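I opened the coordinates with a short list of things to look up, and I write down here what I found, entry by entry.

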Amino acid sequence: MNNTLFKLWISLFILFSISVNSFSQRTCGSTEKMNSYFNKFPAQKIIKQKLEKKILSASSDYSKQSVIIPVVFHVVYNTPEQNISDMQILSQLDVINKDFNRTNTDALYTPSSFNSIVASMQISFCLAQRTPNGNPTNGIIRKQTNQTEFQLYDTLIHYNSLGGSDAWDTDKYLNIWISNIGGGILGWAQYPAAGNINTDGVVIDFRHFGTIGTSVSPYNLGRTTTHELGHYFNLFHVWGDNYCGNDWVNDTPTQEEANFGCKSHPHISCNNSGDMFMNFMDYTDDNCMNSFTIGQRNRVWSSINTYRTGLITSDGCNPVVASTSNASIEIISPEGSINGCNNPIYPKVLIKNKSIDNLYTCLIKYKINSSAYQYQWWNGNLSQNETDSISLSGIAIGGTSHMIEVELLQPNNNQDVDTSDNYAIKLFQTTGGTSVNINLITDNYANETSWYLYDANNNLIDSSGNLSNNSHYIYNHCLENMCYKLVINDTEGDGFCCNYGNGSISVNKVLNNQEIAQLSYFNFSDTINFCISALNNTEIFINKIKVFPNPTNGILFFNSDFFMKDIPIIAQVFDLGGRLVFSEETTEEEIDLSNFENGIYILELQQRNKITKNKIILNKP
Ligand SMILES: [Zn+2]
């Protein structure tokens, strides 16, 4: 072969390939793909056959059912041309909405002999308005890929990691992938229960999608997608993929084989009165198909009610409400073990804006132990996922075991759309001391007065400096739990009360100003002994016991191994407002909350000086 002849050969070859492509017949891969799947997984075929029986035996009136199905379009493109426009996608959405509701304008071309069997499928489609995670979306995903084309028998297009695009929850969304499909195949669908859930949906070649842009005649009116959706809803080809085969629909005429191009009615085969070649489940050109039938509608709805019920209940078409308020709160401090002299406690919390809208204000409600609730407004400006840490006003505490509760309310003066993260509790301990004040009032001769504070081991902790007459001194000390000795002297032996002024000395707890020791009358010297001990030895434990199920639908069990046997436990339930809503002395490990409203509660179990607290969620059906 000389060089010129070789070039001619190549040219002819290319010309031939192009002509094959542009005059190719409609080829849909759905049934072949399903058969190949069942060859690989025979057990799945048996499951599918059982469900098929159920579908065929279901005889209901489906004329009143309707649904709007959220669609996510995955545009998987290798070249810029394949990255089809939003407008082209909308043109396709328009076609399927019309075809599935028999509002397509060419419906009037259906031969009148079929008038009694044609039907609306009563199925509409929306661009998904929210992602599976509840975020706003326009329902269109665009992914560039290194794959130049995708093949019928591979699944690459369904996976991010393989150059495709991950499906959204296929129970709740109709996933439609648009890309360059190899092998002259216009598209394929996954029949119900005939493949992996991650590959469920429809794949359409970008040249046969929508009515504008890259769509190429004669498959440029969006009917490839209509046809593939028929398969997705469990319809077979009208010729039953066999010579005079069965499509498991009663009213579609039995026909010999696929019809291509356009036919004129009646086109008789298999002793019928004419093939229904204008049925969307035939292989005719886009401008020659225009109908589904009542039998097909019933099969589709029976299949939806059996296999695809998640589409009916999906919230994918519901837009995410624009002015959502969604914030969360966490406790930064106090936590763990802190010095008991850090009193009052100034809690620190972290708030986070989880809404797409900026957060400008919210109310923080908090308390420690059984204190009254404190309220503090926060004002600022947080964009989505920004946080701010806030120091709250102090609350004085007593005892050694504590619990802080905080709640975030009224983000942007609205209800929070997700209250599950608006409430936090934390346990903390105080150790190492009690804050006390030594109050000293001097008399007219302060220079005669001196004082010394010793601990139980006679270590000097503090003593007086130069004192002024008739003055009030406050000496603050953080004292550990032990006993102390305060010594007061007067060099002249006349004390400091009450002949030459009204001197006095006392020791008070800062927390509540409780007087621990007091003295005002002596001669040369006196000693005050006092001891510091925790006010309250009740211990609080968070989540120490197991509470289940949580969330509960009413009956709640707990494991009381943490407590002593045979001693009653007091079970109390508080709402988030701190109100006691339930109280019971019990030796059982079970309480019944089924009369309460759904929500978050605190369960407190107490036995003697031990209290456990658990957050519980009541979620009745
Ligand atoms: Zn098909």
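Entry on Ile516. I began with the contacts of this residue, bearing in mind that the model is predicted. Leaving aside neighbours within four places in sequence, I found Ile516 in contact with Val436, Val507, Asn508, Lys509 and Phe530. I placed Ile516 in strand E25, which covers residues 515–519. I also took the C-alpha to C-alpha distance from Ile516 to Ser506, which is 7.5 Å in space for two residues that are ten apart in sequence. Is Ile516 buried or partly exposed? I counted 19 other C-beta atoms within 10 Å, and because buried requires 20 or more, Ile516 is partly exposed.

Entry on the four-stranded sheet. I looked up the strand order and obtained E19-E18-E21-E26, an open sheet with antiparallel pairing. The edge strands are E19 (460–463) and E26, each of which pairs on one side only. Direction ignored, neighbouring strands of this sheet are turned by 20° against each other on average.

I then went through the pairings one by one. E18 (residues 449–455) and E19 run antiparallel and are joined by three bridges, and in E19 the bridge partner of Tyr454 is Leu460. Seven bridges join E18 to E21, again antiparallel, with Ser450 standing opposite Asn489 in E21. On the other pairing that I checked, E21 and E26 (residues 525–531) are antiparallel over seven bridges, and Cys483 has Cys531 in E26 as its bridge partner.

For E21 itself (residues 483–490) I asked which residues make up the covered face. They are Tyr484, Leu486, Ile488 and Asp490, while Cys483, Lys485, Val487 and Asn489 form the uncovered face.

Entry on the nonpolar cores. The largest nonpolar core has 63 residues, and the members that touch the most others are Val71, Phe73, Leu174, Ile176, Ile178, Val202 and Val203. Among the elements that each supply at least two residues of this core are strand E1 (67–77), helix H4 (86–99), strand E5 (174–179) and helix H6 (294–307). E1 gives the most, with six residues.

I followed Val71 further and, not counting residues up to four places away in sequence, noted that Val71 touches Leu93, Phe125, Cys126, Leu127, Ala128, Gly139, Tyr173, Leu174 and Ile176. Apart from this core lies another one of 17 residues, among them Ala327, Ile345, Ile364 and Ile404.

Entry on two helices. I wanted to know how many residues of H5 are buried. Ten of its ten residues are, so H5 is largely enclosed by the rest of the structure; the buried residues include Arg223, His227, Glu228, His231 and Tyr232. I looked up what these buried residues pack against, and the elements are helix H2 (30–40), H4, E6 and E7. After H5 comes Asn234, for which I noted a positive phi, near 90°.

I set H3 (residues 42–57) beside this, and found that H3 is hardly covered, the count of buried residues among its 16 being one. From first C-alpha to last, H3 reaches 23 Å, close to the 22 Å expected at 1.5 Å a residue.

Methods. Residues numbered from 1 in each chain as written. Predicted model: local features only at pLDDT ≥ 70, side-chain atom pairs only at ≥ 80, totals over all residues. Buried ≥ 20, exposed ≤ 12 C-beta atoms within 10 Å, placed from the backbone. Pairing = 2+ DSSP bridges. Expected span 1.5 Å × (residues − 1). Axes fitted to C-alpha atoms, helices over the stretch in contact; angles between N-to-C directions. Core = buried A, V, L, I, M, F, W, Y, C linked by C-beta atoms within 7 Å. Contact = placed C-beta atoms within 7 Å.
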